[in-house]
Amino acid sequence: MKIFYLGVCFAILGAAIVKANLTEELEKHAEVCTEQSKATAEELEKYFENGMKEEDATGPVKCHIKCMMEQNHFFNDGSFVAEEMLKYLEAKDSMKDHLDEVASVISACNNEKVEHDCEGAYMLMKCFGNTEVGQMAFAA
């Protein structure tokens, strides 16, 4: 019984460490992308806290989104990188049962050919975010 208990404790600890590492990694990416995109804290805060409205998506905000997508290997050559997005979302408990839906939405969004630039990354993110499963992924 002690071995089982220790196994459960290590599993919980391992999950917490993975989650902490993901958060730490995202914070590092955000710092790099804020510097590269020249987006101000006010611009980013306004965009994300106001529900990601198009009128709040300034050029630097769009470039921040592109950078974050590239840092996480989600955007390459004007398309979502489905495998990387699915791998990332697979680690989110709330998304595990929705990966087929996510893959379908990614495929549909990738049919909208965009340039590999800030505007293109923003358009793909917007396509994904305008779906129910996309909203779930953003909240995960």
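# A tour of the disulfides and the largest pocket

Searching the whole structure turns up 3 disulfides. Keep in mind along the way that this is a predicted model. Counting the bonded cysteines along the chain, the pairing runs 1-3, 2-5, 4-6. Let's visit each link in turn, then move on to the pocket.

**Stop one: Cys33 and Cys67**

Select Cys33 and Cys67 and show their side chains. A disulfide joins the two, with an S to S distance of 2.1 Å. Look along the S-S bond: the torsion of -75° makes the link of Cys33 and Cys67 left-handed. Now colour the helices that carry the pair. Cys33 sits in helix α1 (residues 2–37) and Cys67 in helix α3 (residues 59–71), so this disulfide ties together parts that are 34 residues apart in sequence. Are these two cysteines buried or exposed? Turn on a surface to check: Cys33 has 0% relative accessibility and counts as buried, and Cys67 is buried as well, at a relative accessible area of 4%.

**Stop two: Cys63 and Cys118**

Stay on helix α3 and select Cys63, then add Cys118. The sulfur atoms of Cys63 and Cys118 are 2.0 Å apart and form a disulfide. What is the handedness of the link here? With 105° about the S-S bond, the link of Cys63 and Cys118 is right-handed. This pair connects distant parts of the chain, with Cys63 in helix α3 and Cys118 in helix α6 (residues 118–129), 55 residues apart. With the surface still on, compare the two ends. Cys63 is partly exposed, with a relative accessible area of 25%, whereas Cys118 is buried at 19%. The cut-off for buried is under 20% relative accessible area, so the 19% of Cys118 falls on the buried side.

**Stop three: Cys109 and Cys127**

Follow helix α6 along to Cys127 and select Cys109 with it. A disulfide joins Cys109 to Cys127, S to S 2.1 Å. The torsion about the S-S bond of Cys109 and Cys127 is about -90°, so this disulfide is left-handed. Cys109 belongs to helix α5 (residues 99–110) and Cys127 to helix α6, so the pair ties together parts that are 18 residues apart in sequence. Both Cys109 and Cys127 are buried.

**Stop four: the largest pocket**

Hide the cysteines for a moment and select Phe48, Met68, Asn72, Phe74 and Phe138. These are the residues nearest the centre of the largest pocket, which has 20 lining residues. The volume of the largest pocket is about 650 Å³.

Which helices supply at least two residues each to the lining? Colour α1, α3, α4 (82–90), α6 and α7 (132–139) to see them. The largest share of the lining, 4 residues, comes from α3. Next, colour the lining by residue class: 17 residues are nonpolar, 2 are polar and 1 is charged.

**Last stop: Val32 and Met68**

Keep Met68 selected, one of the residues nearest the centre of the largest pocket, and add Val32, which lies in helix α1. How far apart are Val32 and Met68 in space, C-alpha to C-alpha? Draw a distance between the two C-alpha atoms: they are 8.7 Å apart, while in sequence Val32 and Met68 are 36 residues apart. Before you close the surface, check Val32 there too: Val32 is partly exposed, with a relative accessible area of 35%.

Terms used: Residues are numbered from 1 along each chain as its sequence is written. This is a predicted model: local features need pLDDT of at least 70, side-chain atom pairs count only at pLDDT 80 or more; totals for chains, interfaces and linings use all residues. Side-chain values use heavy atoms; hydrogens and water are left out. A disulfide is a pair of cysteine sulfur atoms within 2.5 Å. Buried means under 20% relative accessible area, exposed over 50%, partly exposed in between (1.4 Å probe, protein chains only). On a 1 Å grid over the protein atoms alone, a cavity is a set of points where a 1.4 Å probe fits but cannot get out, and a pocket is an open set with protein on both sides within 12 Å along at least five of seven lines; lining residues have an atom within 4 Å of a point. Grid points are joined across faces, edges and corners, and a volume is the space filled by probe spheres set on the points. Ala, Val, Leu, Ile, Met, Phe, Trp, Tyr, Cys and Pro count as nonpolar, Asp, Glu, Lys and Arg as charged, and the others, Gly among them, as polar.
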